[in-house]
Amino acid sequence: MPLPPAADPAMDPWLRPRLRSWLRPELRPGLRSILGRWHLARAVIRGNYGVRPSPFKLTFAVTDRCNSRCRACGIWHRGCGEELALGEIDAFFAANGGFSWVDLTGGEFFLRPDCREVVQSLLARMPRLYHLHIPTNGVDPGRTVDAVRAILRLSPPWFTVTLSLDGPPALHDRLRGVAGNWESVMAVHEALSPLVRGRFRLFFGLTLTPWNPGTLAATLAAVQERRPRVTLADFHLNLAHRSGHYYNNAGAGDGDLVFPGSGGVSPAAARLAEAWLGDIRLLTAARRRRFDPVDFLERRYLAGVERFLRERKCPERCRSLALSLFVGATGEVYPCIIWDRPLGNLRESAFRLGPILESPRAREALTEIAMGGCPHCWTPCEAYPTLLGNGLPFSRRGGAPLEAG
Ligand code: SF4
Ligand code: SF4
């Protein structure tokens with residue numbers, strides 16, 4: 001099983017302090033971004049051609065605390081549990097410093113009082129980091145804006161914040177279960193927009209659920225009344241999924257209307273899929289007008305949605321566990337956010353992923369993924385590394401896992 005590379009332990013203590021003193025502070029994030037891009041490109045090439053591929057993308061739910069009450073998600077029912085303490089998170093980052101792309105999520109990540117310190121540890125321990133992504137519900141605008149400002153002062157390389165927005169004002173507040181959430185999201189957007197420049201990006205993230213089909217245009221129109229410069233290109237779309245270990249909504253109703261579904265495609269599900277596809281096509285057309293690597297990836301994701309809705313199978317050879325993985329708030333490691341297949345806990349492996357990823361359980365899971373034996377999904381968190389890992393010419397597309405064993 002390939003492992004995420006450690007962060008050059010021999011060279012790091014010597015090189016990094018010298019780089020820090022040689023370079024002007026304002027150049028450091030730029031240099032870091034260049035190095036991070038190079039490491040990400042190398043990891044993608046290795047993933048495509050089976051040359052010692054290793055996970056380069058980490059999705060880490062740092063907390064299960066959430067101040068939202070979303071209809072499509074049950075994380076807020078769970079409570080915070082024995083989540084990893086800052087020292088444990090630091091030990092985890094220190095022992096597995098080779099990730100290029102990290103999503104710090106929740107729950108609501110910014111509810112952790114030490115969220116700034118978590119990012120500080122990430123930046124110190126992961127010299128190869130290229131992209132940091134944090135989604136937020138914007139329920140507490142003051143806390144969110146202060147935390148993002150504090151993180152920006154840490155000079156991360158590429159940094160993206162996604163503000164959840166699931167419809168026009170009344171619908172959004174109803175689906176999110178929090179009165180006034182639309183207004184608070186607008187307040188966060190207004191406060192953070194002036195900071196968008198260079199390597200900092202801000203998006204809206206709309207999750208397509210059975211309760212908001214075909215609302216993208218109305219959502220944009222409502223946003224533009226408050227934020228006239230926002231366009232469709234400022235939106236990301238996601239399909240609502242269910243999972244026991246992450247969203248805590250595995251037993252939720254609505255049968256095959258939330259993925260992975262219960263099997264066949266009912267007439268109601270087919271009608272819903274058509275409405276979702278209207279939104280997908282709208283966004284695809286907007287993204288087609290721009291030339292940007294993120295837009296390119298997004299277009300490929302959106303193109304995959306249509307196939308996923310038709311076939312209910314991951315439209316690409318899934319590369320979870322080979323190129324990406326998920327760590328829950330209590331340190332449990334999984335192949336992805338959807339498949340409830342625990343592989344081991346960081347607390348039992350001295351916070352090293354190596355023993356967990358080399359275990360028979362992980363090898364079995366990798367083989368099952370390659371054989372299509374997982375529940376199947378198409379969510380951006382997992383689809384992006386899969387698209388990157390399959391996207392180069394003559395990429396190895398066989399069914400067998402790369403370098404398993
Ligand atoms: S979707 Fe996000 S904001 Fe909503 S309950 Fe789940 S974790 Fe909280
Ligand atoms: S296709 Fe399967 S293994 Fe891959 S991300 Fe989805 S559920 Fe997980």
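Before I turn to the ligands, one convention is needed: Ala, Val, Leu, Ile, Met, Phe, Trp, Tyr, Cys and Pro count as nonpolar, Asp, Glu, Lys and Arg as charged, and the others, Gly among them, as polar. With that in hand, and keeping in mind throughout that this is a predicted model, the shell around ligand 1 has 5 nonpolar, 4 polar and 1 charged residues. The residues in question are Cys66, Ser68, Cys70, Cys73, Ile75, Trp76, Gly106, Gly107, Glu108 and Asn137.

Ligand 2 has a shell of its own, with 13 residues around it, and those that come nearest are Cys318, Cys336, Cys374, Cys377 and Glu382. By class, the shell of ligand 2 divides into 10 nonpolar, 2 polar and 1 charged residues.

Let me step back to the chain as a whole. It holds 14 helices and 9 strands, and of its 405 residues, 47% count as buried. If we take the contacts between residues at least 6 apart in sequence, 77% of them join residues that are at least 24 apart.

Now to the sheet, which is open, has 9 strands in the order 6-5-4-3-2-1-7-8-9, and shows mixed pairing. Its edge strands are strand 6, residues 235-239, and strand 9, residues 344-345, each of which pairs on one side only. At the strand 6 end, strand 5, residues 200-208, pairs with strand 6 in the parallel sense over 5 bridges, and the bridge partner of phenylalanine 204 there is phenylalanine 235 in strand 6.

Strand 1, residues 57-61, deserves a slower look. On one side strand 1 pairs with strand 2, residues 101-105, in the parallel sense over 5 bridges, with phenylalanine 60 standing opposite leucine 104. Strand 1 also pairs with strand 7, residues 324-327, again in the parallel sense, over 4 bridges, and here leucine 58 stands opposite leucine 325.

Is strand 1 covered on one face or on both faces? Both faces are covered, since Lys57, Thr59 and Ala61 on one side, and Leu58 and Phe60 on the other, are all buried. As a general point, in a regular strand the side chains alternate between the two faces of the sheet.

Leucine 104, which we met opposite phenylalanine 60, also leads us into the core. The largest nonpolar core has 107 residues, of which Val62, Val102, Leu104 and Val333 touch the most other members. Helix 10, residues 267-288, gives the most to this core, with 6 residues. Setting aside residues up to four places away in sequence, leucine 104 touches Phe60, Val62, Phe109, Val118, Leu132 and Ile134. In soluble globular proteins, nonpolar side chains tend to be buried together.

Next comes helix 13, residues 360-370, where Ala362, Ala365, Leu366, Ile369 and Ala370 are buried. Why do we say that these buried residues line one face of the helix? Seen down the axis of helix 13, they fall within an arc of 135°, and so they line one face. The general background is that an α-helix has 3.6 residues a turn, so residues three or four places apart point the same way. What covers the buried residues of helix 13 includes helix 12, residues 353-357. Following helix 13 there is glycine 372, which has a positive phi, near 80°.

I will finish with two individual residues, beginning with asparagine 181, which is found in helix 8, residues 181-192. Is asparagine 181 buried or exposed? It is buried, because there are 26 other C-beta atoms within 10 Å, and the cut-off for that class is 20 or more. Leaving aside neighbours within four places in sequence, asparagine 181 is in contact with Gly138, Val139, His172, Asp173 and Arg176. Aspartate 140 lies 41 residues away along the chain, and its C-alpha atom is separated from that of asparagine 181 by 8.7 Å.

The other residue is leucine 232, placed in the loop between helix 9, residues 216-226, and strand 6. Leucine 232 counts as partly exposed, because it has 18 C-beta neighbours inside 10 Å. Not counting residues up to four places away in sequence, leucine 232 touches Leu220, Leu282, Leu283 and Ala286. Between leucine 232 and phenylalanine 203, which are 29 residues apart in sequence, the C-alpha to C-alpha distance is 9.9 Å.

Methods
Residues are numbered from 1 along each chain as its sequence is written. Chains are lettered from A and ligands numbered from 1 in the order in which they are written. This is a predicted model: local features need pLDDT of at least 70, side-chain atom pairs count only at pLDDT 80 or more; totals for chains, interfaces and linings use all residues. A residue is near a molecule or strand if its C-beta atom, placed from the backbone, lies within 6 Å of it. A nonpolar core is a set of buried Ala, Val, Leu, Ile, Met, Phe, Trp, Tyr and Cys residues joined through C-beta atoms within 7 Å. A residue is buried if 20 or more other C-beta atoms lie within 10 Å of its own, exposed if 12 or fewer, and partly exposed in between; C-beta atoms are placed from the backbone. Two residues are in contact if their C-beta atoms, placed from the backbone, lie within 7 Å. The arc is that of the directions from the helix axis to the C-beta atoms. Two strands pair if DSSP finds at least two bridges between them.
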